[in-house]
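Trainee: Could you take a close look with me at one part of this structure? I would like to follow a single spot and see what lies around it.

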Amino acid sequence: MYLLKAEHSFDSAHFLAGYDGKCSNIHGHRWTVEVEIQSENLVADGKLKGMIVDFSELKEDVKELVNDLDHALIIQKDTMRKETLNCLVEDGFKMIEVDFRPTAENFSFHFFSEMEKKGYDVKRTRVYETPNNSAVYEK
Ligand SMILES: Nc1nc2c(c(=O)[nH]1)N=C([C@H](O)[C@H](O)COP(=O)(O)OP(=O)(O)OP(=O)(O)O)CN2
Ligand SMILES: [Zn+2]
């Protein structure tokens with residue numbers, strides 16, 4: 001089995017609603033996202049000969065997903081008062097509502113399924129919340 005890996009990072013803020021501790025407050029991370037795809041075979045002919053896919057294509061697809069979440073406040077739906085959310089939006093802040101608690105584990109599943117939607121055979125995704133802490137989703 002051949003494996004190919006691409007990584008990209010994004011800087012954003014979040015909080016964990018219902019968390020007992022400092023992470024219930026708004027704080028930021030530089031999240032690093034690693035995506036590994038797999039294939040039994042390589043392209044046989046042409047300009048992609050000997051590759052699963054061009055690194056640049058894989059990198060661009062990871063970057064596109066990651067950039068959607070960059071420099072934003074990422075919140076789980078319904079964990080902030082509508083009035084507060086509206087004020088932040090009206091004041092021009094980039095707010096992203098997700099339907100999951102924004103943990104490293106849930107982000108790893110999010111990127112896994114989004115890359116599958118793009119047609120990749122994904123082996124695993126890993127999301128670093130800090131250089132020492134990461135979560136993996138794999139099948
Ligand atoms: N299993 C998980 N546990 C925690 C997650 C998570 O995504 N999955 N997330 C958090 C918070 O987001 C928090 O920001 C991380 O906190 P912490 O480990 O304390 O990170 P710090 O770098 O701030 O640690 P210090 O040792 O205080 O520097 C919490 N848990
Ligand atoms: Zn955090």
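Does H27 count as buried or exposed, and why?

Mentor: Happy to! Keep in mind that this is a predicted model. H27 counts as exposed because it has 11 C-beta neighbours inside 10 Å, and the cut-off for exposed is 12 or fewer. You will find H27 in strand β2, which runs over residues 27-39. Not counting residues up to four places away in sequence, H27 touches A13 and F15.

Now let us move along to H29, which also lies in strand β2. H29 is partly exposed, because 19 other C-beta atoms sit within 10 Å and a residue needs 20 or more to be buried. Leaving aside neighbours within four places in sequence, its contacts are S12, E129 and T130.

These two histidines share a label. In the UniProt record, an unreviewed entry, the annotation "binding site" covers H14, H27 and H29. The three span 16 residues in sequence, yet no two of their C-alpha atoms are more than 8.1 Å apart, so they gather at one spot.

H27 also belongs to the surroundings of ligand 1, along with L16, C23, T103, A104, E105, E129, T130 and N133. The elements giving two or more residues to that shell are α3 (104-117) and β5 (122-130). By character, the shell divides into three nonpolar, four polar and two charged residues. Notice that E129 and T130, which we met as contacts of H29, are in this shell too.

From here you can trace strand β2 into the interior. The largest nonpolar core has 19 residues, and V33, V35 and F111 have the most contacts inside it. At least two residues of this core come from each of β1 (2-14), β2, α1 (55-68), α3 and β5. So what does V35 touch? Apart from its neighbours within four places in sequence, V35 is in contact with K5, A6, V62, F111, M115, V122 and T125.

One last stop is R101, in the loop between β4 (95-98) and α3. R101 counts as partly exposed because it has 16 C-beta neighbours inside 10 Å. Setting aside residues within four places in sequence, R101 is in contact with L16, Q76 and N106. Of these, L16 is one of the residues around ligand 1, and that brings us back to where H27 sits.

How values were computed:
Residues are numbered from 1 along each chain as its sequence is written. Chains are lettered from A and ligands numbered from 1 in the order in which they are written. This is a predicted model: local features need pLDDT of at least 70, side-chain atom pairs count only at pLDDT 80 or more; totals for chains, interfaces and linings use all residues. A residue is near a molecule or strand if its C-beta atom, placed from the backbone, lies within 6 Å of it. Helices (H or I, at least four residues) and strands (E, at least two) are DSSP runs, numbered from the N terminus. Ala, Val, Leu, Ile, Met, Phe, Trp, Tyr, Cys and Pro count as nonpolar, Asp, Glu, Lys and Arg as charged, and the others, Gly among them, as polar. A nonpolar core is a set of buried Ala, Val, Leu, Ile, Met, Phe, Trp, Tyr and Cys residues joined through C-beta atoms within 7 Å. Two residues are in contact if their C-beta atoms, placed from the backbone, lie within 7 Å. UniProt positions are given in the numbering used here, feature names are shortened, and annotations may be inferred rather than shown by experiment.
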